[in-house]
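Open the model in a viewer and keep the selection panel at hand. The stops below are meant to be taken in order.

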There are 2 protein chains.
Amino acid sequence: MADKKAIVLLSGGLDSATTLAIACDEGFRCCALTFRYGQRHECEVAAAQKVAKSVGAVEHRIIDIDLAAFGGSALTDPAIQVPKDRVDLDGGGVIPPTYVPARNTIFLSYALAWAEVLGAFDIFIGVNSTDYSGYPDCRAEFIESFEKTANLATAAAIQGAGGYRIHTPIIEMTKGQIITTGTKLGVDYSLTHSCYDPDEAGRSCRRCDSCRLRLKGFAEAGLEDPIEYVEA
Amino acid sequence: MADKKAIVLLSGGLDSATTLAIACDEGFRCCALTFRYGQRHECEVAAAQKVAKSVGAVEHRIIDIDLAAFGGSALTDPAIQVPKDRVDLDGGGVIPPTYVPARNTIFLSYALAWAEVLGAFDIFIGVNSTDYSGYPDCRAEFIESFEKTANLATAAAIQGAGGYRIHTPIIEMTKGQIITTGTKLGVDYSLTHSCYDPDEAGRSCRRCDSCRLRLKGFAEAGLEDPIEYVEA
């Protein structure tokens with residue numbers, strides 16, 4: 001186990017930071033993978049760098065991918081507004097404009113490519129279906145299907161070298177449980193970034209879905225969120 | 001049908017050129033998608049541009065993706081040699097070093113992202129399992145699994161807007177049948193490029209798997225290959 005590598009998708013948010021801490025705690029040598037994908041702001045990537053170092057990834061790669069070329073999301077297209085103060089944070093069957101088309105499929109495909117090159121068979125992704133904001137590619141049925149596809153897509157599928165496993169350790173946790181778990185594992189949440197629409201100083205907006213889920217989570221965990229927000 | 005868009009993965013080789021011609025012939029308005037993925041040479045991308053125009057794609061996007069960041073393939077890493085004069089062209093259970101880890105998974109994921117933005121549900125890919133050179137991600141079972149994953153990954157999966165279909169019109173054809181089909185549909189194969197290891201003038205090497213499968217196909221079809229090769 002001491003030599004077993006895992007790829008961990010790391011966005012710089014609190015879900016993926018906690019996922020990385022869990023993977024490290026399970027004994028994997030963690031190779032963190034972050035995407036610069038035409039997000040409106042660079043806070044996320046900067047946070048991912050700090051988190052990777054702080055939590056103890058053995059390697060961290062940042063890959064440029066051009067999702068903005070297709071558009072279709074408030075996170076990659078400045079013409080689409082990030083919604084504020086939404087009532088239905090669990091989605092309620094509606095997919096918010098912050099959904100990035102096929103994003104997790106693309107992210108997992110890259111993770112699979114890197115895993116195949118490294119000879120790793122474990123991929124961690126911090127998807128979460130409780131507080132999931134209505135994204136289709138955060139659900140267990142999607143992840144299970146991708147795992148099957150991965151096991152047909154790769155050289156190992158023909159050579160019988162082993163099976164890929166997509167780990168989703170926080171998929172059934174509430175935001176509060178995620179924060180409690182990460183805190184026990186020593187995650188420094190002051191290094192993480194969640195806001196979809198920070199101001200120029202990098203302060204979180206408090207009102208987008210991501211800020212609201214985060215604040216709700218810290219409240220549930222009975223902890224203070226250590227990041228900086230704009231004035232209420 | 002006149003308005004129905006399809007995404008067609010287009011490499012610039014003869015398989016994808018034929019696939020594009022088939023998709024156009026079926027009445028789709030074809031949006032061609034090509035990747036500049038750290039291949040050793042640019043011939044493929046230049047060929048894709050000519051083919052897209054010649055066959056009649058309504059749109060053509062070229063996306064830069066950095067597969068060379070991971071390495072692990074003779075097509076993206078100059079330190080790995082392209083094999084020449086291989087005996088077992090059908091793979092024989094061995095995956096050649098020209099295999100690019102998880103490449104088709106990544107390509108299909110991007111196609112899915114673009115399809116989702118365009119509201120298209122049809123994706124064409126020119127994989128071929130008869131003369132397939134031993135790549136795991138060219139097999140029908142992989143494609144079927146990806147299609148299932150796509151239908152769980154996307155907004156349409158939740159909204160019930162429709163099902164994605166991955167079309168593989170040439171998957172069971174021999175190279176000779178592909179060339180015969182494309183020729184009937186008016187594909188100009190002089191615009192295509194197949195060689196893994198062309199010389200500086202862009203002439204094909206005649207000896208890599210891709211050249212050998214191509215030459216075998218033209219021989220089967222009883223046609224002359226119109227591209228330029230180095231002297232035998």
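Select the strands of chain B. In this predicted model, 5 strands form an open sheet, and their order is β3-β2-β1-β4-β5, with parallel pairing. Which strands stand at the edges? They are β3 (59–64) and β5 (165–167) of chain B; each has a single partner strand, so one side of each is left without a neighbour in the sheet. Look along the sheet for its twist: on average, neighbouring strands are turned by 25° against each other, direction ignored.

Next, keep β1 (residues 5–9) and β2 (residues 29–36) of chain B and hide the other strands. The two run parallel and are joined by 5 bridges. For one bridge to pick out, select B:L9, whose partner in β2(B) is B:L33.

Add helix α2 (residues 43–55) of chain B. This helix packs on the sheet and touches β2 and β3 of chain B. The direction of α2(B) makes about 170° with that of β2(B).

**B:H60, on an edge strand**

Now select B:H60, which has its place in strand β3 of chain B. Is B:H60 buried or partly exposed? There are 18 other C-beta atoms within 10 Å of B:H60, so this residue counts as partly exposed; the cut-off for buried is 20 or more. Show B:L33 again, the bridge partner of B:L9. B:H60 and B:L33 are 27 residues apart in sequence, yet C-alpha to C-alpha they are 5.9 Å apart in space. Beyond the neighbours within four places in sequence, the contacts of B:H60 are B:A32, B:T34, B:Q49 and B:A52.

**Helix α6 of chain B**

Move to helix α6 (residues 175–184) of chain B. Colour its buried residues, which are B:K175, B:I178, B:I179 and B:G182. Viewed down the axis, they cover an arc of only 95°, and therefore lie on the same side of α6(B). What do the buried residues of α6(B) pack against? Their partners are α1 (14–25) and α7 (209–221) of chain B. Just after α6(B), stop at B:G186, which takes a positive phi of about 85°.

**Between the chains**

Show both chains and select the contact between them. The contact takes 40 residues from chain B and 40 residues from chain A. On the side of chain B that touches chain A, β3, α3 (103–118), α4 (140–153) and α5 (155–159) of chain B each supply at least two residues. Which of the elements gives the most? It is α3(B), with 10 residues. Coloured by type, the residues on this side of chain B divide into 23 nonpolar, 10 polar and 7 charged.

Superpose the two chains. Chain B falls on chain A after a rotation of 180° with 0.0 Å of shift along the axis, at an RMSD of 0.0 Å. This relation is that of a two-fold axis. The same surface serves both copies, since 100% of the contact residues of chain B recur in chain A.

**The strands of chain A**

Go to strands β1 (residues 5–9) and β2 (residues 29–36) of chain A. They pair in the parallel sense over 5 bridges. Two places to select are A:A6, whose bridge partner in β2(A) is A:C30, and A:V8, which stands opposite A:A32 in β2(A). Of the 5 residues of β1(A), 4 are buried, and the strand is mostly covered. In β2(A), 6 of the 8 residues are buried, so the strand is largely enclosed by the rest of the structure.

**An alanine in each chain**

Finish with A:A102, in the loop between β3 (59–64) and α3 (103–118) of chain A. Most residues other than glycine have a negative phi. A:A102 is not a glycine, but its phi is positive, about 60°. A:A102 counts as buried because 28 C-beta neighbours lie inside 10 Å. Then select B:A102, found in the loop between β3 and α3 of chain B. B:A102 also has a positive phi of about 60° without being a glycine. With 28 other C-beta atoms within 10 Å, B:A102 is buried.

Conventions: Residues are numbered from 1 along each chain as its sequence is written. Chains are lettered from A and ligands numbered from 1 in the order in which they are written. This is a predicted model: local features need pLDDT of at least 70, side-chain atom pairs count only at pLDDT 80 or more; totals for chains, interfaces and linings use all residues. Copies are superposed by least squares on the C-alpha atoms of residues with pLDDT of at least 70 in both. Two residues are in contact if their C-beta atoms, placed from the backbone, lie within 7 Å. Two strands pair if DSSP finds at least two bridges between them. Axes are lines fitted to C-alpha atoms, for helices over the stretch in contact, and angles run from 0 to 180 degrees between N-to-C directions. Ala, Val, Leu, Ile, Met, Phe, Trp, Tyr, Cys and Pro count as nonpolar, Asp, Glu, Lys and Arg as charged, and the others, Gly among them, as polar. A residue is buried if 20 or more other C-beta atoms lie within 10 Å of its own, exposed if 12 or fewer, and partly exposed in between; C-beta atoms are placed from the backbone. The arc is that of the directions from the helix axis to the C-beta atoms.
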